[in-house]
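Student: I'd like a close look at one part of this structure, the place where the two chains meet. Could you walk me through it?

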Amino acid sequence: MINQEGLDLIIAAIILSAIWAQLGTFMSHKVRIVTIQSILLSLYIIILGIWDSDIELVTLGILILILRAFLTSRLLNAKLSPHQFVSRERFGDASFLSVVSILVLIFSFVTYRILFTPLGYETIGDGGFALLFQGLFLIGSRKSKFSQFLGYIEEENAIVMLGLGIISMPLVIEISVLLDVLALLIVSTVIISDKPETQVFEEMMG
Amino acid sequence: MIIDGTYAIVIMLSIPVISGISYFFRHFREISIAMALLTLFFTSYVFLLNSGTYSYFYVNQINRYILICVSSIYVFSTIYGSGYHRKLGESKHLRVHMSMMGIFAFTMLFSLVVNNLGLMWIGIEGTTASSAILIIIEGEAADMEAAWRYIIIVSAGLSIALISIILIYRVFGTLEITSLLTASSQPSQILVLAALFGIIGFGTKGGIFPMHSWLPDAHGRAPSEISAMFSAVLLPIAVYAIYIIIKTIDITLIFQAGVFFSIITILFVALVMASQRDIKRMFAYSTMENMALILLGFVLGGVALFGSILIIMTHAFAKAGAFYSSGNLIESFRTRNMNGIQNVWGEQRFTAYTLILSTLAVSGAPPFGTFLGELFILSALYSHGLGSVMVFLAILLVIIFLSINYKVLKMVFSIAQPALTGKISVQQISITGAAVTVSSIFAFLFMVGFL
């Protein structure tokens, strides 16, 4: 029998990794943090699968480990130039961002309890909802395309968690979503490698 | 039927994927065009199938029309693209571009016919990955930026749509579209959430305010044949996904939310249209107007639903014609800025005709199908007791009509004579003419009772 508190601890670690990714400044570190987040998620799913004797969950966990934790980080790291490895990401006031990300976290916890109460409370669902907002915040608050894409990966991890909290989707759908995200990642790395930061063009205004 | 329906659908889906191998051949343009024509042939066959399920696929009275539009615009765009990008010769970029057009067409066709909401989501997300590459063929910094914004905004939006699908699965226990459309459920907070997430999520891809911001950038920077595919067929597919959710979750709030998002989108377009300078961004905003109208028709149902189908068909070809015409002008005048495009009537008579006709068609001038569709939607609003909304919408449509047509007529008939620097190919001229001609026949088909 597995201790539920142990599983909840993994979810807490996933949320912490999201906050850590918000505050991290070195791009290579950020990639590593999101990799850890994906590993934690796969670990959670594999343990849950073994606990429930659900082979589909175990398969999903292994696939997340391979596709999201391993392949994604490899691809992103391969596209980071030596300069980007050591340079700090330029963004606004770090203390301000940390306060806002904590506020976003509290907001997401409260919103989940209000909106999803009819489904019954699940820690993994709550964690997923919080991670979703952290991912969106990472996308919205950064100019670096790498950070924005990491925000998107966080968002996809959040969907998996939210799905587990609400209802497990059929495996074929889960696998296809994972492959879809991978395809998107490959396309994105082509675009990211050209100009790593978002730019403003006059012809794209109005 | 000579071929079983399931086989016909599988063949229809396989051909554009196989066309990807054109990359390896010297005559990649001709192979791509031939494959696109073959896809259109099998799509026409699928169009004639009875409504119902075919193994994992589903054909109904709405998706069959969008299928025909997808395949037709796929054919037009491959032919147009082979002329538009002729300067790229046999470069790797162009080979990738032509191959990816097939993959893009496949993802769109798959999204339409698959009988599973989850797989439909995957197909629509697949359109993002395949079409982002198509935006960046010219490799300019602004193209890269537009492609990036497209990927990140649309993917974030579609993630929200995935939550809607998870909630629907929780309530109904299935994602099979045919089962969802016939299932009944009690209104609940979860269904309200699913409906809202669905409209906002798929609405991001469909260009519905306020998640539309990728749309003018991607349409503006993509090559004209890709802008045409985006506007004419990709966006209606996302709106069709919203239609599936609307039909699944038949509650009052989704009706109100659908009307609200449609009207606010059209209001936004009416406010920004007059200030547009870039010709393709102007038509991109016009697409937002058309998508909002289609959504409104889907929400209202009945005669408005027919109005939506009429708009989908007319808009597909007319907007493709508008983007092809824009491409011809951009190539000739070397600018996207409408202030720099003048005296089109004197310099390019044929493009002047196609530009005027396509603009009239997309902006809802009589006797085009868009006009009839708008009439049906306005009358449905009135019959739903929303007379004041109908009047407000009519005013907004007139504002947009005047804004877009004034700008186009100014380009066409202004007297200054800037020097033309580029020449357009025969393929470009003929496809532009063909698209505009097809767009004008739907009102006629309706009047003779064919539609």
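Tutor: Here is a walk across the interface, starting with its overall extent and ending with a helix pair inside one chain. Keep in mind that this is a predicted model.

Start with the head count: 44 residues of chain B touch 45 residues of chain A. Putting the chains together buries about 3900 Å², and 72% of that comes from carbon and sulfur atoms. On the chain B side, the residues that lose the most area to chain A are W148(B), I166(B) and R170(B), which together account for 18% of what that side buries.

Now for the polar side of things. Seven residue pairs are in polar contact between chain B and chain A, counting pairs with both residues at pLDDT 80 or more. The rule finds one salt bridge across the interface. It joins E145(B) to K145(A), with the closest N and O atoms 3.7 Å apart.

Which helices of chain B supply at least two residues each to the side that touches chain A? They are α5 (117–135), α6 (141–172), α8 (189–206), α9 (214–221) and α12 (279–300). The biggest giver is α6(B), with 20 residues. Sorted by type, that whole side of chain B has 27 nonpolar, eight polar and nine charged residues.

So let's stay with α6(B) and look at a partner across the interface, helix α7 of chain A, residues 145–166. The two axes come within 10 Å and cross at roughly 5°. An angle under 35 degrees counts as roughly parallel, so that is what α7(A) and α6(B) are to each other. From α7(A), the contact includes K145(A), F149(A), Y152(A), I159(A) and I166(A). From α6(B), it includes E145(B), W148(B), I152(B), I163(B), I166(B) and R170(B). Notice some familiar names: K145(A) and E145(B) are the salt-bridge partners, while W148(B), I166(B) and R170(B) are the residues that lose the most area on their side. The residues of this helix contact split into 12 nonpolar, four polar and five charged.

Finally, α9(B), another of the helices on the chain B side, also packs within its own chain. Its neighbor there is α10(B), residues 224–248, at an angle of about 135° and with the axes 7 Å apart. That makes the two helices oblique to each other. W214(B), L215(B), A218(B) and H219(B) of α9(B) meet S227(B), F230(B), S231(B) and L235(B) of α10(B). Here the residues divide into five nonpolar and three polar, with no charged ones.

Conventions
Residues are numbered from 1 along each chain as its sequence is written. Chains are lettered from A and ligands numbered from 1 in the order in which they are written. This is a predicted model: local features need pLDDT of at least 70, side-chain atom pairs count only at pLDDT 80 or more; totals for chains, interfaces and linings use all residues. Side-chain values use heavy atoms; hydrogens and water are left out. Contact means heavy atoms within 4.5 Å. Buried area is the accessible area (1.4 Å probe) that two parts lose on being put together, summed over both. A salt bridge is a side-chain nitrogen of Lys or Arg within 4 Å of a carboxyl oxygen of Asp or Glu. A polar contact is a pair of N or O atoms within 3.5 Å; within protein, one must be able to donate a hydrogen and the other to accept it, and residues adjacent in sequence count only if both atoms are side-chain atoms. Helices (H or I, at least four residues) and strands (E, at least two) are DSSP runs, numbered from the N terminus. Ala, Val, Leu, Ile, Met, Phe, Trp, Tyr, Cys and Pro count as nonpolar, Asp, Glu, Lys and Arg as charged, and the others, Gly among them, as polar. Axes are lines fitted to C-alpha atoms, for helices over the stretch in contact, and angles run from 0 to 180 degrees between N-to-C directions. Angles under 35 degrees count as roughly parallel, over 145 as roughly antiparallel, 65 to 115 as roughly perpendicular and the rest as oblique.
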